[in-house]
Amino acid sequence: MQRNTAQKKAIETVFQKHEQALRVDDVLTYGRELVSTLNQATVYRNLKILVEQGWLKRISHPTLGILYERAEKRHHHHFHCRECNRAFELPGCVLKEEQAVPDGFVVEEHEIFLSGVCPSCSQEDHK
Ligand SMILES: [Zn+2]
Ligand SMILES: [Zn+2]
């Protein structure tokens, strides 16, 4: 197997093993567990290729910056915990697009980012 192929495969494996949206640094950390020679330039290059191929989706998160996740997932949103700084995937979407805009506007897409405290961090607060 070519070296490049092995590195791309490792990055794909990272996204198969980790369900949540990942930062470049997360991809690098998890990817190095599989291919120890993986570096940031290689990760960036392969993420770009995987986005172009439609395998990954790039999300611009207001707090966490650029995140990547599998493109095949159903439409959903993310919850950011300000305590542990993790992004959690939320099930489905409750927004009724046609009710969210006045008459005459045609919605083509939307993105919503929720933030607060996750269940495990809110439990720690009460200890
Ligand atoms: Zn948390
Ligand atoms: Zn939505």
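**Notebook: two zinc sites**

I began with the zinc ion (ligand 2) in this predicted model, and found its protein donors to be His75 (NE2), His77 (NE2), Cys93 (SG) and His110 (NE2), which lie 2.0 to 2.2 Å from the metal. I then looked up the geometry: the 4 donor atoms of ligand 2 make angles of 100 to 116 degrees among themselves, and the site is tetrahedral. Along the sequence, I noted the spacing of these donor residues as H-x1-H-x15-C-x16-H.

Next I checked whether two of these histidines are buried or exposed. Histidine 75 has 38% relative accessibility and therefore counts as partly exposed, while histidine 77, with a relative accessible area of 4%, is buried, the cut-off for buried being under 20%.

I turned to the zinc ion (ligand 1), which is coordinated at 2.3 Å by the SG atoms of Cys81, Cys84, Cys118 and Cys121. Why is the arrangement around ligand 1 called tetrahedral? I recorded that its 4 donor atoms subtend angles of 102 to 119 degrees, and four donors count as tetrahedral if all angles lie between 85 and 135 degrees. The donors of ligand 1 follow the spacing C-x2-C-x33-C-x2-C along the chain.

Within this set I followed one pair, cysteine 81 in strand E3 (residues 78-81) and cysteine 121 in helix H5 (residues 119-125), which are 40 residues apart and link distant parts of the chain. I looked up the accessibility of both: cysteine 81 is at 0% and so counts as buried, and cysteine 121, at 9% relative accessibility, also counts as buried.

Notes:
Residues are numbered from 1 along each chain as its sequence is written. Chains are lettered from A and ligands numbered from 1 in the order in which they are written. This is a predicted model: local features need pLDDT of at least 70, side-chain atom pairs count only at pLDDT 80 or more; totals for chains, interfaces and linings use all residues. Side-chain values use heavy atoms; hydrogens and water are left out. Donors are N, O and S atoms within 2.8 Å of the metal (3.2 Å for Na, K and Ca); water is not among the atoms, so sites may look incomplete. Four donors count as tetrahedral if all angles lie between 85 and 135 degrees; four count as square planar and six as octahedral if opposite donors are over 155 degrees apart and all others between 65 and 115; anything else is irregular. Buried means under 20% relative accessible area, exposed over 50%, partly exposed in between (1.4 Å probe, protein chains only). Helices (H or I, at least four residues) and strands (E, at least two) are DSSP runs, numbered from the N terminus.
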